[in-house]
Amino acid sequence: MRPVGGALGAEIGGIDASRAMAPGIADQIRAALDRHLVIFLRDQSVSLGQLKAFSTCFGELTRVPYVGGLADHPQIIAVLKEADEHNISTFGGTWHTDFSFLEHPPAASILFAEQVPAVGGDTLWANMYAAYEALSPGMQQTLAGLNAMHSGHVYGAARPPANSATSQSIRISRNNPEADVERAHPVVRVNPRTGRRALYVNPVYTTRFEDMTQHESRGLLGFLYAHCTRAEFTCRLQWAPGTIAVWDNRYSLHMAVNDYDGYRRLMYRTSTVGETPIGPAEASASSPGHG
Ligand code: SIN
């Protein structure tokens, strides 16, 4: 195992993701994911069935809304931009955590590179524990009492504007009013196993703070987005065909860099079932010894 950045990310060698994983090895990979938040496996050759089997090392698979799965493998989505799609926005092209607007956002996401550009198309991740821990005690305390609202508005009735150019190569369903419903999650998310705290807001799905307007929320959210994506909290993956990335979707953000017009990029993604995010108040209420 080789860390790839000071804040997060590690490359793991000696694993064949196409084969059933011995329990001890699966435990080690999960421990590496816990520690590094995103792990990379190179030179993998997996069928879609094998990708699903490998993904179950990280939990039960779940289907995400608004993005159609593959006909034969509904739990897998294809993340595709064609070579002839120029000047368009791409799936995952802004910092986010997958589907944070759900009651149970996915715990882990697994992405397999089938075809990648000769240059560009990297993915970045940011460590949201590190971002939280770098804030002043006063800011940590302020945020600990706040919830933020999240919605899938990018799939909703108003977005994207009719004339906006978006990749047609990914099976996204839009104009769904359900997607506009807002759901509150704590701004400071606590890992119930360790008690460690992380920031839990992102510029794609977070709309505002609970009980505040979007206008009132904009300043502090803007600060938090700039803060948590500071270079020192991030790592970057240059893909090759056969690379698999697995990330902890609860305590990290990620974004796909859309700098490869003229090249085809095809990835397959699975997600695992997550839990309801809990904040400091719920964590201390459920901690052992609390009355
Ligand atoms: C995603 O947000 O899951 C897509 C990431 C990527 O295409 O690199």
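In what order do the three strands of the open sheet stand? The order is 13-7-15, and the pairing is antiparallel. The legends below begin with this sheet and then turn to strand 16. The model shown is predicted.

**View 1. Three strands make up an open sheet with antiparallel pairing.** Strand 13 (234-237) and strand 15 (252-256) are the edge strands, and each of them pairs on one side only. Neighbouring strands in this sheet are turned against each other by 20° on average, direction ignored.

**View 2. Strand 7 and strand 15 pair in the antiparallel sense.** Strand 7 covers residues 123-127, and five bridges link strand 7 with strand 15. One position to find here is Ala126, which stands opposite Leu253 in strand 15.

**View 3. Ala231 lies in the loop between helix 5 and strand 13.** Helix 5 spans residues 214-228. Is Ala231 buried or exposed? Its relative accessible area is 63%. Because exposed means over 50%, Ala231 counts as exposed. Ala231 and Ala126 are 105 residues apart along the chain, and their C-alpha atoms are separated by 8.4 Å.

**View 4. Strand 16 is mostly covered.** This strand runs over residues 265-272, and eight of its eight residues are buried. In a regular strand the side chains alternate between the two faces of the sheet. Which residues of strand 16 lie on each side? On one side are Arg265, Met267, Arg269 and Ser271. On the other are Leu266, Tyr268, Thr270 and Thr272. The residues on both sides are all buried, so both faces of strand 16 are covered; buried here means under 20% relative accessible area.

**View 5. Strand 4 and strand 16 are joined by two bridges.** Strand 4 consists of residues 61-62, and the two strands run antiparallel. Leu61 has Thr272 of strand 16 as its bridge partner. Thr272 is also among the buried residues of View 4.

**View 6. Strand 5 pairs with strand 16 over five bridges.** The pairing is in the antiparallel sense, and strand 5 takes in residues 77-81. Which residue of strand 16 is the bridge partner of Ile77? The partner is Arg269, a buried residue on the side that also holds Met267.

**View 7. Six bridges connect strand 6 and strand 16.** Strand 6 extends over residues 108-115 and runs antiparallel to strand 16. Within this pair, Ile110 stands opposite Thr270 of strand 16. Thr270 is buried and shares its side with residues including Tyr268.

Methods: Residues are numbered from 1 along each chain as its sequence is written. This is a predicted model: local features need pLDDT of at least 70, side-chain atom pairs count only at pLDDT 80 or more; totals for chains, interfaces and linings use all residues. Side-chain values use heavy atoms; hydrogens and water are left out. Buried means under 20% relative accessible area, exposed over 50%, partly exposed in between (1.4 Å probe, protein chains only). Two strands pair if DSSP finds at least two bridges between them. Axes are lines fitted to C-alpha atoms, for helices over the stretch in contact, and angles run from 0 to 180 degrees between N-to-C directions.
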